[in-house]
2 protein chains.
Amino acid sequence: MNKGALALLVHGGSENWSPERWKGRFDHVCEGRRVWLLPDAAFDPAEIHYAAVWKPTPGELAGFPNLRVIFNLGAGVDALMADSTLPKVPLVRVAVGDLTGRMTEYVVLHVLMHHRQELYLRACQREKCWEPRSQWPASAISVGIMGLGTLGSDAAEVLRRIGFRVSGWSRSPRQTEGIECFHGNAQLDAFLEQTNILVCLLPLTPDTRHILNRKLFAKLNRNSPMGAPVLINAGRGGLQDETDILGCLDDGTLGAASLDVFATEPLPADSPFWMHRNVVLTPHNAADTDPHEISKYVARQIERFEAGGPLENVVDPARGY
Amino acid sequence: MNKGALALLVHGGSENWSPERWKGRFDHVCEGRRVWLLPDAAFDPAEIHYAAVWKPTPGELAGFPNLRVIFNLGAGVDALMADSTLPKVPLVRVAVGDLTGRMTEYVVLHVLMHHRQELYLRACQREKCWEPRSQWPASAISVGIMGLGTLGSDAAEVLRRIGFRVSGWSRSPRQTEGIECFHGNAQLDAFLEQTNILVCLLPLTPDTRHILNRKLFAKLNRNSPMGAPVLINAGRGGLQDETDILGCLDDGTLGAASLDVFATEPLPADSPFWMHRNVVLTPHNAADTDPHEISKYVARQIERFEAGGPLENVVDPARGY
């Protein structure tokens, strides 16, 4: 056999993402190919043609002289791009339907929670208080999605079906049926000025770091029945200025926020986000994709690559995603 | 002018449903027709051809000798059907897109909350605990909807788009694309045995009273990654045996419940539902429709009726809805 071996470098993640589980999945889908779960004393670095990684330590990938492709086991590659020792081989990010579906679940859930006044209703329940407030229809709310790639477009489609007005903003021009599309810095203000619920699914790059800041929040639209606008960030913690978010929640620039990601994860116990009454916090699990689906996706790409075919979803180093 | 007058009999409801607001809406849409908000000393009962009602007191409608049509301002007519003095004229229930959309928002929100382990995640936030649990995909969960009319069919379509397996149960046979349809008593067990999240949107009739009881819950499917099944009732409080729900939540027959309706509303302060950690409670506001949409719907039906056309969504007294 002359199939290049695959090295698995997996750190952190939930129980479902344990290194051993990844090893089992890849053994199952990589027929006739050696799969090494690192660190392992027995393997020969020269044998490794492919690496599948989740939060590798910087420099960890530099020791493979015959590496051909790196597969990131998630959608966000910001941590890898920040590693200056990263071998100059194609870097592929995950784009499987399962991940898209899970992100759409998260986005739809959190948009509906804020739209349907769940924070108020849970407080009522705790206080044994039966006081229905007037409820506006979805058509009164404009949801603006930053990032109109695979994830953003799918969430937009479902939100539109539910009845929300939906718009999107992306780096380069996009066209999506029924969605008002804005792009580039020149159209960012126009996008924000009509957005009541802002959903951020942007990749983290030098251009987008701390894009979610007070200056941006102040431009959001306050003229809906919901009042103060809402932020939902399921992208990366580095996209948000956390001091600004807290300040804007406290002075009413923002009405509420759903945050799945943070500058430091796990979120430290002394973070004010934990106990903030207008924050809905989740532990970076918006799109905790099935390892089985991802391992099949990687195995399929390797087979195609070895047969002379193209790789899909290769990161553009110039854009950073 | 010889347009028959409309009497408004409106009791209770939220701020958005105040009698004065209804009067304003109907005055706006009923051009050239007298609209009386009862009680009003000035009106002549013989002048009333139409009544638009929300929770009228029993007997209140019997005093109009020339009544031609009764319009109920909501979807559920169980309270009216229980009034033996109700004049024998057509009773029309509301079926407007706005109401359908709002119920779909509620159903999708509550299905997603249970699917995405929101009760667990909110408890984690309160305890400052960053512990993501494994999350299964929507495709692992079967949502079963009791009641496949306008409301159930619309919610089913959105849930299916999100990725859930969706089935439905109704009194008489239905066919909906992509939804496994069961009907009648003979197929109820088969429907329950494959349902992980049960959504009840049935009308309340003598046949459906207390249909949500321990015997039914015990037949639900427990073999999903979610474990114990979940109940969502946005129909009527009379559909549920509340002692059974509490007992089943406590012994694990049910994992959790979202309840929008109760046997007694407002829910009494001493009800155990308020503080139950596995209950998500809302104050009968799942589909708190816009009075503007409903008044337009009623005015349009009256115009068509006076022009000799048919009424829509007339209640069948034999079925009770």
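**Entry 1: the interface**

Before I start, a definition: buried area is the accessible area that two parts lose on being put together, found with a 1.4 Å probe and summed over both. I also remind myself that I am working with a predicted model.

With that in hand, I looked up the area buried between chain B and chain A, and it is about 4,700 Å². Carbon and sulfur atoms give 59% of that area. How many residues does the contact take from chain B and from chain A? I found 56 residues from chain B and 56 residues from chain A.

Next I looked at polar partners. Between chain B and chain A I have 28 residue pairs in polar contact, with both residues at pLDDT 80 or more. On chain B's side, I noted that α3 (97–115), α4 (118–126), α5 (150–162) and β12 (279–281) each supply at least two of the residues that touch chain A. Which element of chain B gives the most to this side? It is α3(B), with 10 residues. Sorting that side of chain B by class, I get 28 nonpolar, 11 polar and 17 charged residues.

**Entry 2: salt bridges**

I then turned to the charged pairs. Six salt bridges cross the interface of chain B and chain A. One that I picked out joins A:R161 to B:E157, where the closest N and O atoms are 3.0 Å apart; the cut-off for a salt bridge is 4 Å, so this pair qualifies.

Over all chains, the structure holds 32 salt bridges. I chose one inside chain A to follow: the side chains of A:R34 and A:E47 meet at 2.7 Å, N to O. Why does this pair tie together separate parts of the chain? A:R34 lies in the loop between α1 (19–29) and β2 of chain A, while A:E47 lies in the loop between β2 and β3, so the bridge links parts that are 13 residues apart in sequence.

**Entry 3: the sheet in chain A**

Here I traced an open sheet of five strands in chain A, with parallel pairing and the order β2-β1-β3-β4-β5. β2 (35–37) and β5 (91–92) of chain A stand at the edges with a single partner strand each, so one side of each has no neighbour in the sheet.

I zoomed in on β3 (residues 48–54) and β4 (residues 69–72) of chain A, which pair in the parallel sense over four bridges. As a spot check, I looked for the bridge partner of A:V53 in β4(A) and found A:N72. Helix α9 (residues 291–306) of chain A lies across β1 (5–10), β3, β4 and β5, and runs at about 160° to β4(A).

**Entry 4: the sheet in chain B**

In chain B I again wrote down the order β2-β1-β3-β4-β5 for an open sheet of five strands, with parallel pairing. The edge strands of this sheet, β2 (35–37) and β5 (91–92) of chain B, each pair on one side only. Strands β1 (residues 5–10) and β3 (residues 48–54) of chain B run parallel and are joined by six bridges. Within β3(B), B:A52 is the bridge partner of B:L8.

**Entry 5: backbone oddments**

Last, I checked some peptide bonds. A cis bond joins B:L38 and B:P39, with omega about -5°, and B:P39 is in the loop between β2 and β3 of chain B. The bond from B:E265 to B:P266 is also cis, with omega near -5°; B:P266 sits in the loop between β11 (256–259) and β12 of chain B.

In chain A, I noted that A:K128 has a positive phi of about 50° although it is not a glycine. I located A:K128 in the loop between α4 (118–126) and β6 (142–146) of chain A.

Methods:
Residues numbered from 1 in each chain as written. Chains lettered and ligands numbered in written order. Predicted model: local features only at pLDDT ≥ 70, side-chain atom pairs only at ≥ 80, totals over all residues. Heavy atoms only, no water. Contact = heavy atoms within 4.5 Å. Polar contact = N/O pair within 3.5 Å; in protein donor to acceptor, adjacent residues only side chain to side chain. Nonpolar A, V, L, I, M, F, W, Y, C, P; charged D, E, K, R; others polar. Pairing = 2+ DSSP bridges. Axes fitted to C-alpha atoms, helices over the stretch in contact; angles between N-to-C directions.
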